[in-house]
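Biologist: Can you walk me through this model? I'd like to start with the strands and then move to the helices.

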Amino acid sequence: MRLERKQRYTPVTDKDRRCGDIIYHSFRGTTIYILRGKNGDMLIDTGLFHVRRAVEKWAKRYNIKYIFITHAHADHDWNARHFKKVFGAKLLLNRKDFALRSRFRPMSPTRNKYRLKCAQLNISGSLFPSPKYRVDVAIKSEGSRLLEKLGFDGEFVFLPGHTPGMTALLCGDTLYCGDAFTALFYEPEIPPYAIDVKTMKKSLEKILELDPKWLACGHGLPVKLSDAKKVINDYLNKHE
Ligand SMILES: [Zn+2]
């Protein structure tokens, strides 16, 4: 796959698209994950319309009972309504992102070089909202209680900044981090845009404190934290 050949960091992929325990589908810049559970599996994010068919075909190999949206941006929740129906799944989203479903909030670039792209995103974001969807389970707090109840071994971690309700899932040595960190441009990078850059920086510090082995990002292939550390530290030092 073109995307995978371009990766400049530790390659992790094999034919089954598994990286250790990480089950993922990386296609056209979007990476969707599946977490196996005791009472059914969980789809982590849904992607934009252009990945719908491929993701659906892939996810049908699993027993999807839950869909966890890391944050309410179109490239993560566009297919939420469709997949909810197809799989008969329950949908989870942090309640702090509920309002984003119907009203896009302008983003700020996190580096000067992302200014133009950010301006474009702010236009397309407000012009093309995701199809409306209903949330079944509101994520209100961090920790493992809710996940345990649903049959998953892991905990929710809040990493606000990119959006107010940006939520990650820590499972074993992997942090499924949505857009709290990215490999969008084929190498480890901080999120290029944030609703609140200051808060995003705190979340980057939190990622370092959590110290998982893998960052399973919403764009690009999973990144080793050892490869991401330098990028995060350099950014935090230069943008105090
Ligand atoms: Zn995204």
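Modeller: One term before we start: two strands pair if DSSP finds at least two bridges between them. Also, this is a predicted model.

Biologist: Fine. How many residues lie between β3 and β4 in their hairpin?
Modeller: There are 5 residues between them. G40 sits in that turn with a positive phi of about 135°.

Biologist: And how many bridges join β3 to β4?
Modeller: The count is 3, and the strands run antiparallel. Within that pairing, I34 is opposite L43 of β4.

Biologist: What sits on the other side of the turn question, β2 and β3?
Modeller: Those strands form a hairpin too, with 2 residues between them. R28 is in the turn and has a positive phi of about 50°. β2 covers residues 22-27 and β3 covers residues 30-35. They run antiparallel and are joined by 5 bridges. H25 has I32 in β3 as its bridge partner.

Biologist: Back to β4. Which way do its residues point?
Modeller: D41 and L43 point one way, M42 and I44 the other. In general, side chains in a regular strand alternate between the two faces of the sheet.

Biologist: Are those four buried or exposed?
Modeller: D41, L43, M42 and I44 are all buried.

Biologist: Does β4 run parallel or antiparallel to β5?
Modeller: Parallel, with 4 bridges joining the strands. D41 stands opposite I64 in β5.

Biologist: Now helices. Which residues of α4 are buried?
Modeller: A80, F83, K84 and F87, in a helix that spans residues 80-87. Seen down the axis of α4, the buried residues fall within an arc of 105°, so they line one face of the helix.

Biologist: What does that buried set pack against?
Modeller: The buried residues of α4 pack against β4 (41-44), β5 (64-68), α3 (74-77) and β6 (90-94). Just after α4 comes G88, with a positive phi of about 60°.

Biologist: New topic: the sheet with β9 in it. What's the strand order?
Modeller: The order is β9-β10-β11-β13-β14, in an open sheet of 5 strands with mixed pairing.

Biologist: Which strands are at the edges?
Modeller: β9 (155-158) and β14 (223-224), each pairing on one side only. β14 runs antiparallel to β13 (residues 214-217), with 2 bridges joining them. V223 in β14 is the bridge partner of L215.

Biologist: Where is P160?
Modeller: In the loop between β9 and β10 (167-171).

Biologist: Why does P160 count as buried?
Modeller: Because P160 has 22 C-beta neighbours inside 10 Å, and the cut-off for buried is 20 or more. Leaving aside neighbours within four places in sequence, P160 contacts G165, M166, T199 and S203. P160 and K201 are 41 residues apart in sequence, yet their C-alpha atoms are 9.2 Å apart.

Biologist: K201 is in α7, right? What angle does α7 make with α8?
Modeller: K201 of α7 is part of the contact with α8. The two helices pack at an angle of about 140°, with axes 10 Å apart. α7 passes α8 in a left-handed crossing.

Biologist: Which residues make the contact?
Modeller: From α7, they are K201, L204, E205, I207 and L208. From α8, they are K229, I232 and L236. By type, that is 5 nonpolar, no polar and 3 charged.

How values were computed:
Residues are numbered from 1 along each chain as its sequence is written. This is a predicted model: local features need pLDDT of at least 70, side-chain atom pairs count only at pLDDT 80 or more; totals for chains, interfaces and linings use all residues. Axes are lines fitted to C-alpha atoms, for helices over the stretch in contact, and angles run from 0 to 180 degrees between N-to-C directions. A crossing is left-handed if the near helix is turned anticlockwise from the far one by less than a right angle, and right-handed if clockwise. Two residues are in contact if their C-beta atoms, placed from the backbone, lie within 7 Å. Ala, Val, Leu, Ile, Met, Phe, Trp, Tyr, Cys and Pro count as nonpolar, Asp, Glu, Lys and Arg as charged, and the others, Gly among them, as polar. A residue is buried if 20 or more other C-beta atoms lie within 10 Å of its own, exposed if 12 or fewer, and partly exposed in between; C-beta atoms are placed from the backbone. The arc is that of the directions from the helix axis to the C-beta atoms.
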